[in-house]
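Here's a quick tour of one protein model, going from the whole chain down to two of its sheets. Have the structure open while you read.

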Amino acid sequence: MPASAATERPAVSAQSVLGRPLDLGRVRLPNRIVSAPMERNYCTPEGFMTELYRDYLLRRAREGVGLVFTEATFVRADGRGRTHQLGMHRDECVPGVRALADALHAQGSLLGMELNHGGRTVQATVSGFPAVAPSPIPCEVSGGEMPRELAIREIEELARAFGEAAARCVAAGTDVIEIHGGHGYLIHQFMSPLYNRRADRFGDPGEFLALVIDRVREAAPELAIGLRVSAVEGAEGGLTAEQQFDIIAETRLDLLDYLDISAGNYEAGEWIIQSGEWSPGFLAPYARRYRELGLPLGMAGRLNTPEAAARAITDGVTDFVTIGRALHADPTWARAALSGGSYRPCIACNVCIDGLGDGAVTCSVNPEVGRGRVFLPAPTVGRTGGDAPRVVVVGAGPAGLSAAVLLSENGADVTVLEERDRLGGQLELASRQQPNPEFGRYLRWASERLAARGVDVRLNTRAGGALVSSLSPDAVVLATGGAGNTPAIPGIDGERVHDLRDWLTRHESDDLPGAVTIWGNDGPAMSVADTLASRGVRVLMVGAQPRIAPEFGRRSKILVLPRLAANPDVRMIFGATIDEIGDDRVLVHDGAERTWIDAPGIVLVSQGVHARPLDRDAYGDAHTFVAGDAAGRPGSSVRASIVSGTDTARRILDLYAGEAKAVAS
């Protein structure tokens, strides 16, 4: 029977839900937003706090995050998995963390530290020590070093190392300690049948976990202590959700103040950091069962909007939300969640996690992170002296959009000219492909920001010199992108041959061929092959690289590659090129032989792009700037284009802010 109007639960805003305080043991969180212990690799090689990392975390506190976690922090030197990971393994680590704690507390936020040991995921080339583990089972994903099996005495010493690190956390002013029991690290390795083959007492999957909890609680009796759990391990033969729950239900819950629900291990990385194809809040069914254990719950897992985060709380699934990539993409996400407003959205491209192994934790949509100290605000023009500069941005791809947004929000009078009937350029084409469902969120955000500033956006407009000159610009940004390369081979001019990007521009998703040959195996080729194959198109891929999309990281294609490999209508030939295109076949050359292969349907060419010719003298006395692929770095990533557009806008703002100061003086 439907509820009557009198008994229906009234609508509750995300702001009011997320803004409520929460008690975890003796600690009170000012709100329900927790900045996740996401690895950034911003510390010193010795594991000490840096100004870069402190500024990065402090920005979250300034924007309203209630509890700010450092990244997974190693408790002993042989547990370090990243070259610049934070450590709590030595007393010398304490002062830097203490400075962070004091700065966070001054902003009204709390400091959390997640204690961890990498176990079998550690490589000696990074840590300087041989890897150790419950059993000698290597982690191929992280490098494949064979770990040494720990003796019982060493396991007990490791538990003490967790306790000693916890004591340092207390000395550093930490408010919350989280024990990392998930994601395939050491504690999780003891729990999983995939990695623990021991016959002694530590063959019991919960024995080491219980011992660590004991040691941490002894060292930090007044702090809130929680446990991060992979409720779903995700790898074949690993822990089932039921087995993991049973282990946690039998551990020292009386010594814990909360549980934080996550998922995955290194062999099932798609569960740890999800692509945009996963639904927001997908862990809710797994987290809900942990309610039976009576502890407050946190939950991670694609809670990328304030609405999704608040829904997890109002539905009774969780008590707080653990937010990672959304805050990485825009630390003002917390302010928007608590008081309304817009924020730059995470597009779940996983550039951040894929860059972690190289030490460059960046972000496709946030040009500030991973480039040294946090940027100073761009200068404002036209408000404190002098007229606002008039800037024409030619091209509304990611470079043009990022330039237009920053310019307009800092006082410039901006006009955007775009020859297509929509914004986005190559990013819009990518947003229509199956692996990238979240890319359109950035385009909507940029469009809304431009509309809010009253920017004149003209679609279906070719930006000739006369038109641009008629707008009397002080500066012109040429963000016209690149053009596809078309190698000179027989048949390249045939009617069935198209540049891949040009074809996407002309064809929507419901206009599909029966078969397609894609010449190229770069990222765009991979995404289009995956999308067409999933819709019933027979696909042949021929590419010169030995593997698909080599410019993409592992996580960004972790779902795509198995799909392509499992599809009987997909054939992939790598380490080869096409020498000739016939009417219904192609001549493939693999370095040793040339073979004609049946290739009915259309042929899409994805052989990179080159910069279009530019006439810098066509715009009179206006300062001319070039951004994105048009700047001569064709084929760049979304991030590189957005960084280029942002940096171009800053150069223009610096120029006109300097001129205004000169006039005023």
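Take the contacts between residues at least 6 apart in sequence: 71% of them join residues at least 24 apart. Keep in mind throughout that this is a predicted model.

What about the overall dimensions? Along the principal axes, the C-alpha atoms fill a box of roughly 75 × 70 × 65 Å. The radius of gyration is 27 Å, which agrees with the value near 26 Å for a compact globule of 665 residues. Of those 665 residues, 58% are buried. The accessible surface comes to about 26,200 Å², and carbon and sulfur atoms account for 49% of that. As for secondary structure, the protein has 22 helices and 27 strands.

Now for two of the sheets. Strands of a sheet pair through backbone hydrogen bonds, either parallel or antiparallel.

Here they are, one per row:

| Strand order | Strands and pairing | Edge strands | Average angle between neighbouring strands |
|---|---|---|---|
| E15-E14-E13-E16-E27 | five strands, parallel | E15 (456-458), E27 (623-626) | 15 degrees |
| E18-E25-E19-E20-E21 | five strands, parallel | E18 (497-499), E21 (570-574) | 20 degrees |

Start with the open sheet ordered E15-E14-E13-E16-E27. Its edge strands, E15 and E27, each pair on one side only, and the twist averages 15 degrees from one strand to the next. Zoom in on strand E13 (residues 390-394) and strand E14 (residues 413-417), and you'll find a parallel pair joined over five bridges. Which residue of E14 is the bridge partner of Arg390? That would be Asp413.

The other open sheet runs E18-E25-E19-E20-E21, again with parallel pairing. Why is one side of E18 and of E21 left without a neighbour in the sheet? These strands stand at the edges and each has a single partner strand, so there is nothing in the sheet on the other side. On average, neighbouring strands here are turned by 20 degrees against each other, ignoring direction.

Within this sheet, strand E20 (residues 538-543) runs parallel to E21, and five bridges join the two. Leu540 stands opposite Arg571 in E21. There's a helix to look at here too: H20 (residues 523-534) packs on the sheet and touches strand E19 (515-519), E20, E21 and strand E25 (602-605). The direction of H20 makes about 165 degrees with that of E20.

Notes. Residues numbered from 1 in each chain as written. Predicted model: local features only at pLDDT ≥ 70, side-chain atom pairs only at ≥ 80, totals over all residues. Heavy atoms only, no water. Pairing = 2+ DSSP bridges. Helix = DSSP H or I, 4+ residues; strand = E, 2+ residues; numbered from the N terminus. Axes fitted to C-alpha atoms, helices over the stretch in contact; angles between N-to-C directions. Rg over C-alpha atoms; globule rule 2.2 N^0.38 Å. Buried < 20%, exposed > 50% of the residue type's maximum accessible area, 1.4 Å probe, protein only. Contact = heavy atoms within 4.5 Å. Areas by Shrake-Rupley, 256 points an atom, 1.4 Å probe, with all protein chains shown as cover.
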